[in-house]
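Dear colleague,

I am passing the structure on to you below, together with some notes on what turned up when I went through it. Please read them with the coordinates open beside you.

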Amino acid sequence: MSRQRIVTGEALSTEEEVFHYTLRPKTLDEFIGHRPLVEKLRIALEAARQREEPIEHIIFYGPPGLGKTTLAYIAAHEMRAALVTASAPAITRPADLMGLLTNLETGGVLFLDEIHRLPVTVEEFLYPVMEEFKVDFLIDKGPFAKKIHIPLKPFTLIGATTRAGLLSAPLRARFGILHHLDFYPPEDLAQIIRRSAAILKIRLDPDAATLLSERARGTPRVANRLLRRVRDYAEVKGDGRVTPEVAEKALGLEGIDMAGLDELDRKFLRTILDTYRGGPVGIEAVAASLNEESDTLCELVEPFLLKSGLLSRTRNGRCLTEAAHHHLGQSPPPAAQPDLWTQGKSSG
Ligand code: ADP
């Protein structure tokens, strides 16, 4: 695991997971934001209940911490069935899936996180499972080989991935609903923060909720984590009430700036500025300069910088935007001068 970043959308520890679990919405009505997706799911769930069939298989893709697991729990809850979860890297052989599949009840949900990391053999084993709810097993070899069919109860597979581009075409084609979860706007995050504060009985000023929502990188998991840190600070340094001043100081202590960037984000931008004159530069070169894995940068650093308009991705590599120069306290380089000679020729 990479360094522990308070602004990461990934889970940091089991203890923290328990905390997030208590804040996890249990129904579609409690799920904040992403209205078009919620409506689409509501219809799919209602139709499935009427037909007494499971809902179609679903893929949720997008950065970590945006609610993919939460939606899988909600789908199972709304279908009044149990959820079975697993992480694809832990499934190395078809046999690893068997236990999970046979534990599923009718209408239940199998949630596979990081589904792009399934080995090809497991993926191919999944195809008939997803299409016909049956398992074909070959036992023995040569003349004694025998195919056995094990029927399964109809269920829904919900896959989550941060890298939809890495899904194979045949696997992707077997999902009825593919939905991209994008970063949340600050208004939705403020609502999530207020809801969490009410559950945790935190006295939170409305302006402090707004401030936190602007620094939470569009990610509910980060929003809840920041709220927790700020609550600790308020309890130790004040009377427990979270005011904007308290929130500002607590986040300052964590190295989180006005845009929600942390040390690693700023180092990433600074490296492009100082070492590569603002870009364009390839991600591998930046990763080498920072002594980081390029995958870590692609999955955990870049998406938010791109979303917040601080970074742009061009065919020649990554470039800092004007906003990034300002953010780093530098004036942006002058815009390229127009080519007067060519202009003169075309106008004359
Ligand atoms: P992912 O699976 O995409 O990494 P999770 O579903 O685990 O993200 O979400 C992380 C936490 O963020 C959840 O425990 C929940 O508390 C909170 N959360 C996510 N989405 C929402 C939402 N739309 N409304 C309220 N809370 C949310």
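The shell around the ligand draws at least two residues from each of three helices, namely H1 (14–23), H3 (68–78) and H9 (220–237); please keep in mind throughout that this is a predicted model. Sorted by character, the residues of that shell come to 9 nonpolar, 6 polar and 3 charged. There are 18 residues around the ligand in total, and those that come nearest are Ile 32, Gly 65, Thr 69, Thr 70 and Arg 221.

As for polar contacts with the backbone, an oxygen atom of the ligand lies 2.9 Å from a polar backbone atom of Lys 68, while a ligand oxygen is found 3.1 Å from a polar backbone atom of His 20, and for Leu 66 the corresponding distance from a ligand oxygen to a polar backbone atom is 3.2 Å. The ligand would expose 560 Å² if taken alone, and the protein buries 97% of that area. The space that the ligand takes up is the largest pocket.

A separate point concerns the aromatic side chains, for which the count comes to 3 aromatic pairs. One of these joins Tyr 21 and Tyr 73 in an edge-to-face arrangement, with 6.3 Å from centre to centre and 80 degrees between the planes. Because Tyr 21 belongs to helix H1 and Tyr 73 to helix H3, this pair ties together parts that are 52 residues apart in sequence. Both of these helices are also among those that supply at least two residues each to the shell around the ligand.

With best regards

Technical notes. Residues are numbered from 1 along each chain as its sequence is written. This is a predicted model: local features need pLDDT of at least 70, side-chain atom pairs count only at pLDDT 80 or more; totals for chains, interfaces and linings use all residues. Side-chain values use heavy atoms; hydrogens and water are left out. A residue is near a molecule or strand if one of its heavy atoms lies within 4 Å of it. A polar contact is a pair of N or O atoms within 3.5 Å; within protein, one must be able to donate a hydrogen and the other to accept it, and residues adjacent in sequence count only if both atoms are side-chain atoms. Accessible areas come from the Shrake-Rupley method with a 1.4 Å probe; for residues, only the protein chains shown count as cover. On a 1 Å grid over the protein atoms alone, a cavity is a set of points where a 1.4 Å probe fits but cannot get out, and a pocket is an open set with protein on both sides within 12 Å along at least five of seven lines; lining residues have an atom within 4 Å of a point. A molecule sits in a cavity or pocket if more than half of its atoms lie within 2 Å of its grid points. Helices (H or I, at least four residues) and strands (E, at least two) are DSSP runs, numbered from the N terminus. Ala, Val, Leu, Ile, Met, Phe, Trp, Tyr, Cys and Pro count as nonpolar, Asp, Glu, Lys and Arg as charged, and the others, Gly among them, as polar. Rings of Phe, Tyr and Trp (its six-membered ring) pair if their centres lie within 6.5 Å; planes under 30 degrees apart count as stacked, over 60 as edge-to-face and the rest as tilted.
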